[in-house]
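Thanks for making the time, everyone. I would like to walk through the strands of this chain and then turn to what lies between them, so please keep the picture in view while I talk.

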Amino acid sequence: MSASSSVTSRRLLGAVLAAGAVVGAVALPASAASQDRGWHGPRVEISAVQYDSPGRDDRSNRSLNREWVELTNTARRAVYLDGWTLQDQHGRTYTFDGYRLAGRATVRIHTGEGRDTRTDLYQDRRDYVWDNRSGTATLRNDRGRFIDDESWGHDRHHHGGNHHHGDRGHHGDRGHHGDRGHHGDRH
């Protein structure tokens, strides 16, 4: 092997090693960042909020159960929600107890009383939780870590980086069924 081919081989080897180091340095942070964002794990989000119970707000169980929040698991794997919380802006909290949300499934959490099923859970409250004019529903995991929130009304833009899903078209600035007199008494 000649001296010039030996130098060329070393230069080529050096270039390959340098390229590998660059690719490794770029790929490592990207994979670490994807794990931090939960791209490889289960993803649960607030997918809908019915904060204004249709019809009269007469505090009947039927009316209370027409007020709800939906959570959707967008991943294939089930998520065990035991100890997770759903909270309003005033601190009223619903804590999930031994509930497993299947992959690609949705559960609706109603305000009133009822019998829990795979698709419907009940807070067993006798008063409304979600304010008709403005509010925020916040979901946290069993360690208190922020997962998602949904805001409506004048509170919509108060959460900065934590406000992940509030601007989706099917929530946003939809009507409040008018300013009926009995709404002013809620919250």
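Let me begin with strand E4, residues 85–87, which is joined to E5 by three bridges, the two strands running antiparallel. One of the residues to look for here is Thr85, whose bridge partner in E5 is Thr95. I should say at once that this is a predicted model, so please hear everything that follows as a description of that prediction.

Now, which sheet do these two strands belong to? They sit in an open sheet of four strands, in the order E5-E4-E9-E10, and the pairing is antiparallel. At the edges stand strand E5 (93–95) and strand E10 (146–152), and because each has a single partner strand, one side of each is left without a neighbour in the sheet. From one strand to the next, the twist in this sheet averages 15 degrees.

For those new to the subject, strands of a sheet pair through backbone hydrogen bonds, and they can do so either parallel or antiparallel. That helps with the other sheet, which is also open and has four strands, ordered E1-E2-E7-E8, but whose pairing is mixed. Its edges are strand E1 (44–50) and strand E8 (120–122), each with a single partner strand, so again one side of each has no neighbour in the sheet. Neighbouring strands here are turned against each other by 25 degrees on average, if direction is ignored. Six bridges join E1 to strand E2, residues 68–73, and these two run antiparallel; among the residues involved is Gln50, whose bridge partner in E2 is Trp68.

Let me move on to the core. The largest nonpolar core has 24 residues, and of these Leu71, Leu81 and Phe96 touch the most other members. Strands E1, E2, E7 (106–110), E9 (135–140) and E10 each supply at least two residues of this core, and the largest share, three residues, comes from E1. If we leave aside its neighbours within four places in sequence, Leu71 is in contact with a long list of residues, including Val44, Ile46, Leu81, Phe96, Leu101, Val107, Ile109 and Leu139.

I will finish with one polar residue, Ser151, which lies in strand E10. Is Ser151 buried or exposed? Its relative accessible area is 1%, and since buried means under 20%, Ser151 counts as buried. The side chain of Ser151 makes a polar contact, at 2.7 Å, with the side chain of Thr136.

Notes
Residues numbered from 1 in each chain as written. Predicted model: local features only at pLDDT ≥ 70, side-chain atom pairs only at ≥ 80, totals over all residues. Heavy atoms only, no water. Pairing = 2+ DSSP bridges. Axes fitted to C-alpha atoms, helices over the stretch in contact; angles between N-to-C directions. Core = buried A, V, L, I, M, F, W, Y, C linked by side-chain atoms within 4.5 Å. Buried < 20%, exposed > 50% of the residue type's maximum accessible area, 1.4 Å probe, protein only. Contact = heavy atoms within 4.5 Å. Polar contact = N/O pair within 3.5 Å; in protein donor to acceptor, adjacent residues only side chain to side chain.
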